[in-house]
Amino acid sequence: MKKVSMIKAITLFLGVMLLTASLFQCTKVGDNIQHLDRSYPNTPDSSIYASFHDELKIATADATPATNDIIKFRGVQTILHEYCGTSNCHGGPIKPKFDSYNDIMKYVVSGSPEGSKLWEMITTNDFNKAMPPVNSNHELNTKDKAIIFNWIRNGAKEKPDLADFRPAAIRLIADGCGSANCHNQATATGSWAEKGTLGTRYSIVSTDTASFSFYDAGTGAYRRYCQVINKTKLNQIWGDYKDSVKRYYSDTIANASYRILKTFAGTPWGISSTRGPLGTYDDIVMDIIVPKNVRSNSSVQYTSPGGVQYYSKSNHLNSNDCFIRRIDSTLLFLNPQTGAVNAISGNMSYQDGGLSPSEIALIKAWYFADPNIPDVWKYGKTNTGIFRYAKSGNYIIKR
């Protein structure tokens, strides 16, 4: 009898201890967590790419996806599996389950992180509702919370689309190419100011500009940029320039007086002045639709009856260069007007932006999904393709 009583006592003791531990875990109290702040500390940033799955083959991928055809980034499913869906928790005996998209969507209101039970659980400071349990010492980090926030805000889709691609792609391009002394408005206008091609209209004085040096990885030499640093004049100059470009190429006959006069080339501004701005969405789209080598050349393209020399072409499709060719070395580009094949490049992916294959794939996904980029710059005039995979020979066409 004593042995039985002892066994019962031990069993009872263990049960009480287990219950106590369970209650402690559920009520989530304790000195080690009383100052914990689980709220999301950052301002929501739509330029953070957020998807449900870790991997996505983009719509324009080759039959056998090339290096730059697959987007691979940490996804919501992986994050929730690591923090919640483990075999001993919500992926195992504990309900609710977080195994699949449908499971997770039971706790998500598409487009509303604030209205989603999932977001509440991972950010609440009510420790009795917090998930993962705070005493597990397994809090989501800020980066993972940002991914979940953006994923819900953009519609909590199982497969990403333009709303997910565009902000992230523009951020990559602007940060990698439009920053510092490279593809920005200040550099383009600075070279014009230094050459005196802006005339007296903008009243540029020496204090409106500044010079910067940069290291050219291609030559190993230091070169100089001149930039317009007067923001008011910069905005006016570049605004007027873009207006001229858009007006002229919308109707080259009716708007002949808006034909672009300026050139980006010429010693000693050859390096700095070849940079076309890529710092904003509007600048990037303009550079795609009317490439820099169309609107500005190193040689005269047209002389008016009055003897005025212009360095711009009148046919915006007659281009041997394009935005995607400069970042993706797996593609050949065909001149949309002549069909001439340009050599493989992709140099911008490592010289300017330092882009990874997944980042290049993300930019391509945005490019071919964005309705503001005309189909002629995606598939050519007759949908026969202007982008061809160098390895397979397959063209990207609209399907």
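**Reading salt bridges and a helix crossing**

R38 is buried, with a relative accessible area of 1%.

Colleague: This is a predicted model, right? What does R38 form a salt bridge with?

Modeller: Yes, a predicted one. A salt bridge needs a Lys or Arg side-chain nitrogen within 4 Å of an Asp or Glu carboxyl oxygen. Here R38 pairs with E139, and the closest N and O atoms are 2.9 Å apart. The two are 101 residues apart, with E139 in the loop between α4 and α5 and R38 in the loop between α1 and β1. E139 is partly exposed, at 24% relative accessible area.

Colleague: Which other residues are in contact with T123, besides R38?

Modeller: Skipping neighbours within four places in sequence, T123 also touches S39, Y40 and K145. T123 sits in helix α4 and is buried at 12%. Its side chain reaches the backbone oxygen of W119 at 2.6 Å.

Colleague: How many salt bridges are there by this rule?

Modeller: The count comes to 24. One of them joins D328 and K364 at 2.8 Å, N to O. D328 is in the loop between β6 and β7 and K364 in helix α12, so this pair ties together parts 36 residues apart in sequence. Both residues are buried.

Colleague: And the helices: at what angle do α7 and α8 pack?

Modeller: Angles of 65 to 115 degrees count as roughly perpendicular. α7 and α8 pack at about 85 degrees, their axes 10 Å apart, and are therefore roughly perpendicular to each other. Residues making the contact include W192 of α7 and W238 of α8. The contact residues divide into seven nonpolar, two polar and no charged.

Conventions: Residues numbered from 1 in each chain as written. Predicted model: local features only at pLDDT ≥ 70, side-chain atom pairs only at ≥ 80, totals over all residues. Heavy atoms only, no water. Axes fitted to C-alpha atoms, helices over the stretch in contact; angles between N-to-C directions. Helix = DSSP H or I, 4+ residues; strand = E, 2+ residues; numbered from the N terminus. Parallel < 35°, antiparallel > 145°, perpendicular 65-115°, else oblique. Contact = heavy atoms within 4.5 Å. Nonpolar A, V, L, I, M, F, W, Y, C, P; charged D, E, K, R; others polar. Buried < 20%, exposed > 50% of the residue type's maximum accessible area, 1.4 Å probe, protein only. Polar contact = N/O pair within 3.5 Å; in protein donor to acceptor, adjacent residues only side chain to side chain.
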